[in-house]
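Colleague: I have a new model open and a few minutes to spare. Can you walk me through it?

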Amino acid sequence: MGPGLALKSVIERRMSLTVFGFSQLLIDLEPGIGLVRGSPVLHGVTHTFVGATLIGLVATVLGRPLCQRLMLPTYVISWPAAAAGAFIGTYSHILLDGTMHLDMRPLAPFSDANPLLGTAGIATTYIGCVVAGLVGWMIMRVRAERVR
């Protein structure tokens, strides 16, 4: 969620952070189920760009009405903001997970290669996500204070 907070702080209403989060949940259902079942491959089809595209579509269509209901009754998420949240969420997830998970094949079914693997260390990726989230949160707090 850290990169989502950072982006939300910059592009504001053009991206839904709640749909971003919903897309993260959807994309990680496969590894979650795989962990429970003891599967040797946790990051399968959902962790490819093709899978992320399909999940982005589902997250947009289902996430917009669901996330609106979870927020304030008058809260409105535009379709473009929902789509931006969903696709930024799924594609950034592939990019970040691709740097550290050995079982990922982000280019499947076109290639079994993972050119992202090892481009950033696990600690660097996690720390980067936390720092991005903190920076995004601080920017949003400053903006909220200015409005008051």
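**Pockets first**

Modeller: Sure. This is a predicted model. The second largest pocket takes at least two lining residues from each of α2, α5 (79-98) and α6.

Colleague: Which element gives the largest share of that lining?

Modeller: α5 does, with four residues of the lining of the second largest pocket.

Colleague: How many residues line the second largest pocket, and which lie nearest its centre?

Modeller: The lining has 13 residues. Nearest the centre are Gln24, His93, Leu96, Asp97 and Cys129.

Colleague: What volume does the second largest pocket have?

Modeller: About 220 Å³.

Colleague: And how does its lining divide by class?

Modeller: Seven residues are nonpolar, four are polar and two are charged.

Colleague: OK, now the largest pocket. How much space lies in it?

Modeller: About 430 Å³. Its lining counts 15 residues. Lys8, Glu12, Arg13, Met15 and Tyr75 are the ones nearest the centre.

Colleague: Which helices supply at least two residues each to the lining of the largest pocket?

Modeller: α2 (17-27) and α6 (122-147).

Colleague: How many charged residues are in that lining?

Modeller: Four. The lining of the largest pocket also has eight nonpolar and three polar residues.

Colleague: You listed Glu12 by the centre of the largest pocket. Where does Glu12 lie?

Modeller: In the loop between α1 and α2. Its phi is near 45°, which is positive, and Glu12 is not a glycine.

Colleague: What is the general trend for phi?

Modeller: Most residues other than glycine have a negative phi.

Colleague: Is Glu12 buried or exposed?

Modeller: In between. Glu12 is partly exposed, at 37% relative accessible area.

Colleague: What about the peptide bonds? Which one is cis?

Modeller: The bond joining Ala108 and Pro109 is cis, with omega about 10°. Pro109 sits in the loop between α5 and α6. In general, most peptide bonds are trans.

Colleague: Which glycine do you have in that loop?

Modeller: Gly121 is in the loop between α5 and α6. Gly121 counts as partly exposed, at 36% relative accessibility. Gly121 and Leu134 are 13 residues apart along the chain, and their C-alpha atoms are separated by 20 Å.

Colleague: Let's zoom out. How many helices and strands does the chain have?

Modeller: Six helices and zero strands. Along the sequence the pattern reads α-α-α-α-α-α. The radius of gyration is 16 Å, close to the 15 Å from the globule rule for 148 residues, so the chain is as compact as a globular protein of that length.

Colleague: And what does the C-alpha trace span along its principal axes?

Modeller: About 50 × 30 × 30 Å.

Colleague: What share of the residues count as buried?

Modeller: 40% of the 148 residues.

Colleague: What about contacts between residues well separated in sequence?

Modeller: Take the contacts between residues at least 6 apart in sequence: 62% of them join residues at least 24 apart.

Colleague: Back to α2. Why call α2 largely enclosed by the rest of the structure?

Modeller: Because nine of its 11 residues are buried. They are Leu17, Val19, Phe20, Gly21, Phe22, Ser23, Gln24, Leu26 and Ile27.

Colleague: What covers the buried residues of α2?

Modeller: The cover includes α1, α3 (29-37), α4 and α5.

Colleague: Now the largest nonpolar core. Which residues have the most contacts inside it?

Modeller: Val19 and Ile77, in a core of 15 residues. α2, α4 (49-70) and α5 each give two or more residues to this core. α5 gives the most to this core, with five.

Colleague: What does Val19 contact, leaving aside its neighbours within four places in sequence?

Modeller: Ala59, Gly63, Arg64, Cys67, Ile77, Ala82, Gly85 and Ala86. So Val19 is one of the buried residues of α2 and is in contact with Ile77, among others.

Colleague: One last residue. Where does Ile11 lie?

Modeller: In helix α1, residues 2-11. Ile11 is partly exposed, with a relative accessible area of 21%. The cut-off for buried is under 20%.

Colleague: How far apart are Ile11 and Ala81?

Modeller: 70 residues in sequence, and 9.8 Å in space from C-alpha to C-alpha.

Methods
Residues are numbered from 1 along each chain as its sequence is written. This is a predicted model: local features need pLDDT of at least 70, side-chain atom pairs count only at pLDDT 80 or more; totals for chains, interfaces and linings use all residues. Side-chain values use heavy atoms; hydrogens and water are left out. On a 1 Å grid over the protein atoms alone, a cavity is a set of points where a 1.4 Å probe fits but cannot get out, and a pocket is an open set with protein on both sides within 12 Å along at least five of seven lines; lining residues have an atom within 4 Å of a point. Grid points are joined across faces, edges and corners, and a volume is the space filled by probe spheres set on the points. Ala, Val, Leu, Ile, Met, Phe, Trp, Tyr, Cys and Pro count as nonpolar, Asp, Glu, Lys and Arg as charged, and the others, Gly among them, as polar. A nonpolar core is a set of buried Ala, Val, Leu, Ile, Met, Phe, Trp, Tyr and Cys residues joined through side-chain atoms within 4.5 Å. Buried means under 20% relative accessible area, exposed over 50%, partly exposed in between (1.4 Å probe, protein chains only). Contact means heavy atoms within 4.5 Å. The radius of gyration is taken over C-alpha atoms; the globule rule is 2.2 Å times the number of residues to the power 0.38.
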